[in-house]
Amino acid sequence: MSAHASHAPKRSGIADWLTTVDHKKIGILYLIAGGIFFLAGGLEALLIRLQLMYPELQVIGAKTFNELITMHGTTMIFLAAMPVIFALMNAIVPLQIGARDVAFPFVNALGFWLFFFGGVLINTSWFLGGAPDAGWTSYATLALNQYSGFGIDFYVLGLQIAGLGTLIGGINFLVTIINMRAPGMTFMRMPLFTWASFVTSGLILFAFPAITVGLVLLMFDRLFGAAFFNPDAGGNVVIWQHLFWIFGHPEVYILILPAFGIISEVVSTFSKKRLFGYSSMVFATALIGFLGFMVWAHHMFTTGMGPIANTLFGLATMLIAVPTGIKIFNWLLTMWGGQIRFPTANLFAVGFIPTFTIGGMTGVMLAVPPADYQYHDSYFVVAHFHYVIVGGLVFGLFAGLYYWWPKMFGKMLNETIGKWNFWTFFIGFHLTFFPQHFLGLMGMPRRVFTYLAGQGLELGNFISTIGVFGMTIGTILFLVNAYVAAKSSKRAPADPWDGRTLEWSIPSPPPEYNFAQTPLVRGLDALWVEKMAGNKGMTYAEPLGSIHMPNGSFLPFIMSLGLFIAGYGFMYHNYVVVGIGMVITFGCMLMRSLKDDPGYHIEPDEIDEKGVKA
Amino acid sequence: MGAHVHDEPRKPKVKHDGAKKHVIAFIASLVLTALAFAAVAFEVIPAGFTVPFIVGLAFVQALFQLFFWMHMDQKGHEFARISIFAGLTFILIAIIVFVFWVWW
Amino acid sequence: MATHHVNAVLPDEPEKATLEGKNKILGFWLFLGGETVLFGSLFATFIALRDQTNGGPTSQQLFEMPLVALATLLLLTSSLTSVFAVLALHKKDLKKMQAWMTVTVILGLGFLALEIYEFMHYIHMGHKMTSGAFGSAFYTLVGFHGAHVAFGILWILTVQLQTVKKGLTVVTAPKFYVASLYWHFIDVVWVFIFTVVYLMGMIGGKVG
């Protein structure tokens, strides 16, 4: 109850970043951490492709190859793609709904640190006896002690910690979007990216508990001698497959829906047109999210569930093509007759549409159970999911980064480098993955570390590896671009793209309180409505006043560190270490509960001053 | 309600339910529980029907508690309902699949 | 925002009086939706594995009705007493609220003691986590619930401590309300545990 300070305890440098609860800074943290894991996962991919460049190569051994494919998949899905999505959600969603902050700033920070320490824990396996090597799906019995190394323990514990972070991050965004919208921002006026973030967060909420249970069961089997997946003691390996995919399939939509949201924003802005069929887009997003929970067993057609299950899950899967098709046509019709510009953001968005459509069509092919018996575990599947995840999600993320970079960092990315980035990455991508369809149809199985000469597989594999160099160059160009932008002294304007939504009504980067006055939203594309009405900016829903802000805290960092320590304790069966870690974590929780955060206030005179400065 | 009218000049915006409703929910829960136990203990209904019967009782009791004790019946709980029922729907599908398509 | 008006008259439904309070309650309901999936996954696993005793004792040999009935009664009553605590909260009667919540905690401790006794008894009979898939599934599902009860007890105690120190405010009320939601949810899960694990185990019928 102590009188609330009107100023935050000023922390600077690294202490500021470790304690921040500001969603914009947490967004940047997610981007940096996710970006580093993306580079690690990319390096793993490069090594995989080098090994497969020619028949019977021995660049890396078979064991290392298994570790690389496992870590490539795990890293890209959990530690690179999801965090970069969270980076954009953090940076943009509160701005798009006219909020000063997220609903739970502390929980937001905790979510980031849990993900970060979980990711670090998994990757330390490289130095502590070998990385996990049972594939990113870690199917039992292969993942049990008898058949796999120590590395799986890192996978099991690291993903539990990181998954917990993702789950609370998802809850935070759901509450933020439900409760923190500015006056007038009804659900049907929310920008599509916010809608996609909302549905994605819902999917996170319902999907992650299933993988948590799966991982706990696997952990009990591996560490405590339980028998869930041990057929000798009555266990059943299909249970792992079900639990993994009950999570794993919604996870696919967790990844792709935010990309759909980004593409919708970018295509609409750069066509200078309102998004075509807004309400059908919202409906399609929600429907994809809902159906996403009904289709998981299409990953298990060859397990032996029988014709009834296969038919039901195959049909449900094909249904998803309908709302997805609606989206594709809506984007095309948004561009139809628009004044289209092609900055890099829109290049990636327009490149996304045909690429993703190809991935979607191979998806429908895979949804046909009898045909899937042919495609299953072949490179056709590898080609399919890279078309949707790289050609879909990663293109979407690049579009989003080029589009929102000025809002996040206050600097524009260079367009010339950007165009080189797009074309090298785009061409490299198609060179890499298009031949893989045919490799798969010719019978090349996935997850093999080499192949023989004279079976017609040489050319496809060689082209595929050449393509990876294109994607590598594209990624390096992006890093160069970010560096050049950081070094440049030119500041980005508040509204560089002639934007339509609320985030473009405030300075780039926004001040810590986002909106000096909460805006009043008077329609879809809130800023565009005001522009059309001839207003200079938003009208406001409140007079200038004192703004309450939460204080930063070290607790999220320390709390996550506690679980990180406990994780090692479990792996090495050292229960003193488990105890220490748990005491740290629960101690922090107790402190957080007992000590109220009074926060601090920013007074109107400071706002004026800062508003001008920013 | 009436007891604190003096220190609360304003009319309460929300009508608070009394203890009665909750005691009724408690008794209902007890009866439902007793029925389930009795169905198993005395085998009063055909054996093949017992499982659906007691699972049905469990759902009725769960709804009682969610709506009365956890106030899910009240206004402002729209997202609470969506959250619980969406989670329930998704996981019920999974449970059905686990019943039929784990062993074959 | 929240700490301003401690001395002012407490509003109706103090747990929802501030945006922080509203966020907390909504966030917690969403969390409970996730918990539904969590427990549902454990139930699904248990249902699939409940006949796989691997030569160990079967559920018909293990479970005894009086013990389960007593545990059920304890938890059900504790759920009712925590409703009374929330009613007292709405009447802004701090003393009564604390008293009912203390009763809740005592009943919860009784439940936990019964469960520990039960587990030790089963282990003596050769029903262990490692004895087979049925054992693993049983201890994981029922143990997860027991861990939730134990965490709930600790949680309610820390909230109690805060209401002793700070009284009933717009900051402590949402914490209190959320803890009681959690407690009810644990009871709802138990309804399915006694039905699916114990009663169905005693019939020994196979689903489907």
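A:Gly225 takes a positive phi of about 75° just after helix α6 of chain A. The model is predicted. Helix α6(A) itself covers residues 192-224. Its 33 residues should span 48 Å at 1.5 Å a residue, and its end C-alpha atoms lie 46 Å apart, so expectation and model agree. The helix nevertheless bends by about 30° at A:Ala207. A proline, A:Pro209, follows within four residues of that position. Most of α6(A) is covered, with 30 of its 33 residues buried.

The interior of the model was examined next. The largest nonpolar core holds 285 residues. Within this core, A:Val84, A:Ile263, A:Phe348 and A:Ala399 touch the most other members. Helix α13 of chain A, residues 379-409, gives the most to the core, supplying 22 residues. A:Ile263 illustrates the packing through its individual partners. Neighbours within four places in sequence aside, A:Ile263 is in contact with A:Trp331, A:Ala349, A:Phe352, A:Gly396 and A:Ala399. A second core is separate and has five residues. A:Phe65, A:Leu68, A:Ile69 and A:Met71 are among them.

Chain B contacts both chain C and chain A. Between chains B and C, 42 residues of chain B are in contact with 42 residues of chain C. On the chain B side, helices α1 (19-42), α2 (47-69) and α3 (78-100) each supply at least two residues. Helix α3(B) gives the most to this side, with 14 residues. By class, the side of chain B that touches chain C has 31 nonpolar residues, ten polar residues and one charged residue.

Between chains B and A, twelve residues of chain B are in contact with 14 residues of chain A. The side of chain B that touches chain A has eleven nonpolar residues and one polar residue. Charged residues are absent from this side.

Confidence was then considered for chain A. The chain averages a pLDDT of 94, and 97% of the residues score at least 70. Residues 1-6 of chain A have a pLDDT below 50. Beyond near neighbours in sequence, this stretch has eleven contacts in the model. Where pLDDT is low, predicted coordinates should not be read in detail.

Conventions
Residues are numbered from 1 along each chain as its sequence is written. Chains are lettered from A and ligands numbered from 1 in the order in which they are written. This is a predicted model: local features need pLDDT of at least 70, side-chain atom pairs count only at pLDDT 80 or more; totals for chains, interfaces and linings use all residues. The expected span of a helix is 1.5 Å times one less than its number of residues. The bend at a residue is the angle between axes fitted to the seven residues ending there and the seven starting there. A residue is buried if 20 or more other C-beta atoms lie within 10 Å of its own, exposed if 12 or fewer, and partly exposed in between; C-beta atoms are placed from the backbone. Two residues are in contact if their C-beta atoms, placed from the backbone, lie within 7 Å. Ala, Val, Leu, Ile, Met, Phe, Trp, Tyr, Cys and Pro count as nonpolar, Asp, Glu, Lys and Arg as charged, and the others, Gly among them, as polar. A nonpolar core is a set of buried Ala, Val, Leu, Ile, Met, Phe, Trp, Tyr and Cys residues joined through C-beta atoms within 7 Å. pLDDT is the predictor's confidence in each residue, from 0 to 100.
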